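Got the viewer open and ready for a stroll? Have the selection tool at hand, and we'll go from stop to stop together.

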Amino acid sequence: MKAKSSKRWLPLMAAGVMLASTLAGCSGSKTEEGSTSAAPRVENAYKEKYDPPVTISTAWGIDPELKFKNGETIENSVATKWAKEQFGIDIKSLWSVTDTNGAFGTKLRLAMSSGQDMPDILTIGTADNQIAQDLIDSGMYEEVGPLFDEYASDTWKEAMNQDPNVWNAYMRDGKRMGIPVLDYAYNHDYVLWIRQDWLDKLNLKAPKTIDELETVMDAFKNQNPDGLAPDKVIPLSIGFKTSMNTWMGDPSWIFGAYGTLPQQWNVGEDGKLVYGSIQPGMKEGLQKLGEWLQKGYIPQEAALWDENKTAEPAFAGTAGIIPGPYWMSGWPLKDTVKNAPNAVWKPIEIPTGPDGEAMRHGTAFTNGVTLIKKGMEHPEAFFTYQNYLFDNYANPEPGSPYDNGLFEGYDYQLDAEGKQLPIDDIDGGYVNSVRYLLVRDGARIPDAQMKALQSLAEGNEPKTKLEKDVAVNYGPETPEAAEVLLAQDDISYKNMFTGPTTETMKTKLDYLNKMENQTFNEIIYGKKPADAFDEFVSTWKAGGGDQITQEVNDWYDQVKK
């Protein structure tokens, strides 16, 4: 059953930047005759800058790759000093932990269960979504909808409205309990990256169908233009150790050619959510992967390869095709020339199946959630902080204070002529200082990145912050890849279930997932016939899948309202 399209690309409405001062309260109330009454003035709590300063407490899960300079720490950084000077907001750290092996989530659970003081503002990434859901259900954190409606700037609200579904994951009985952290649209949607130099030497065109793809993969392997022996070539570098539905080396589009996407919930023909892994197209996709494995078109160890492992043969110059995001020409593909000097990677569209179908996993417009503690003394101060970032940093005008970056000498540096240097040339090293902020990545407007890429693809000189960032720091094929991606925007399907773990999921999902992975691998590797898929579907339904489907749709019915 092919899923129906979820919400598509929505162009950003003309976003007038609203100064924080427009949120300030009136100096007095008017009587019916228009004169100022004698009622005492009620001052709006919202300020552009607080004097005396106010405090916002938080906790940090520090990316292990995040660097510091000038003797700073996450608790005392250029960003915390900026917050104090710019807004009169004192960021107080309750604790911090380097987030390896889920350490941040573990620490949060311990704090929650042991009655420790919880942070006023807590931003939690998608990897710890279940903890965010548990914190919402704990009653420790406030309904945020009324606060957002009252205090969020127009720029922030319009960004959020690009996909109203972003609130769904954090709804309870119609109430918005967490503020979605917005991310760039299509950030992890993928195209196919192909060795154009191999195509040219073989006098082949980029494949548009699965059949044409097979012809190309066979030629890459058995007539390799670089003279590589067949056993040294991986025509299509994919892996499914962690998931059949991921962000690089992803195989889910193969099933999309047959009308479904695995390991996500799609909208069925009747408008209800259906689990992609039990749809009929999965059987055909599994058979196709089995054929490709036997022919050596995909890695023999694909079941053991994660996303990063799939990049290794691409970097080594021994892979012909790898699925991945539009930004992959910057990393890791730009380094292929170190091993294969004549390598040229080009983005191409996702091939269609026998019925002309194509589907790919779509990127959610969110990358986590921000929670606000019940009883926080100055919740409006968080909006002072975040409004400023949306209005001034998310997509700044040329010539504005942040049109090169956030903090000079940290995430950007200008040369003597005032031009932005590559980040590798920053004195003392580049620091991704936006990760020092209260909200991951500061502030992102979903469609802003694609608009910048489209402008560059049209041949325009980079003028805005986002355009300059792409032009200086991304691979040269990035704008073209964005165009290729958007040419197929109608095949992008997001996972439509974003709610908390259902009751049956808590007891049955681990078992169902293990059974799914084992069955799929056994079919692909020829240990079981393709008909084992039908038995899997029956067992999945009877083993809790039907009840999970009901619970998922009960949630979906609520959020649709």
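Here is a short tour of a few helices, one strand residue and a pair of residues to compare. Keep in mind as you click around that this is a predicted model.

**Stop 1: helix α1**

Select residues 78–87, which form helix α1. Which residues of α1 are buried? They are V78, A79, T80, W82, A83 and F87. Show their surroundings and you'll find what these buried residues pack against: β2 (89–98) and α11 (379–392).

Now zoom in on the two ends. At the start of α1, look at S77: a side-chain oxygen there comes to within 3.1 Å of the backbone nitrogen of A79. Just past the other end sits G88, with a positive phi of about 70°.

**Stop 2: helices α9 and α15**

Next, select 281–295 for α9 and 503–524 for α15. Their axes come within 8 Å of each other and cross at roughly 50°, so the two helices count as oblique. Turn on side chains to see who takes part: M282, L286, L289, G290 and L293 come from α9, while α15 brings F520, I523 and I524. Colour those residues by class and you get 7 nonpolar, 1 polar and no charged.

While you're on α15, click on Q518, which is part of this helix. Is Q518 buried, exposed or partly exposed? Its relative accessible area is 47%, so Q518 is partly exposed. Try the distance tool from here to E214: the C-alpha atoms are 26 Å apart, and the two residues are separated by 304 places in sequence.

**Stop 3: helices α12 and α13**

Move on to α12 (448–457) and α13 (465–473). How far apart are the axes of this pair? The answer is 9 Å, with a packing angle of about 65°. The crossing of α12 and α13 is right-handed.

On the α12 side, pick A448, Q449, A452, L453, S455 and L456; they meet L466, E467, V470 and A471 of α13. Sorted by class, this contact has 7 nonpolar, 2 polar and 1 charged residues.

**Stop 4: N367**

Last, find strand β14 at residues 366–372 and select N367 within it. Its relative accessibility is 15%, and because buried means under 20%, N367 counts as buried. So what does N367 touch, leaving aside residues up to four places away in sequence? Light up I124, G125, T126, V181, D183, R440 and D441, and you have the list.

Definitions and conventions
Residues are numbered from 1 along each chain as its sequence is written. This is a predicted model: local features need pLDDT of at least 70, side-chain atom pairs count only at pLDDT 80 or more; totals for chains, interfaces and linings use all residues. Side-chain values use heavy atoms; hydrogens and water are left out. Axes are lines fitted to C-alpha atoms, for helices over the stretch in contact, and angles run from 0 to 180 degrees between N-to-C directions. Helices (H or I, at least four residues) and strands (E, at least two) are DSSP runs, numbered from the N terminus. Angles under 35 degrees count as roughly parallel, over 145 as roughly antiparallel, 65 to 115 as roughly perpendicular and the rest as oblique. Contact means heavy atoms within 4.5 Å. Ala, Val, Leu, Ile, Met, Phe, Trp, Tyr, Cys and Pro count as nonpolar, Asp, Glu, Lys and Arg as charged, and the others, Gly among them, as polar. Buried means under 20% relative accessible area, exposed over 50%, partly exposed in between (1.4 Å probe, protein chains only). A crossing is left-handed if the near helix is turned anticlockwise from the far one by less than a right angle, and right-handed if clockwise. A polar contact is a pair of N or O atoms within 3.5 Å; within protein, one must be able to donate a hydrogen and the other to accept it, and residues adjacent in sequence count only if both atoms are side-chain atoms.
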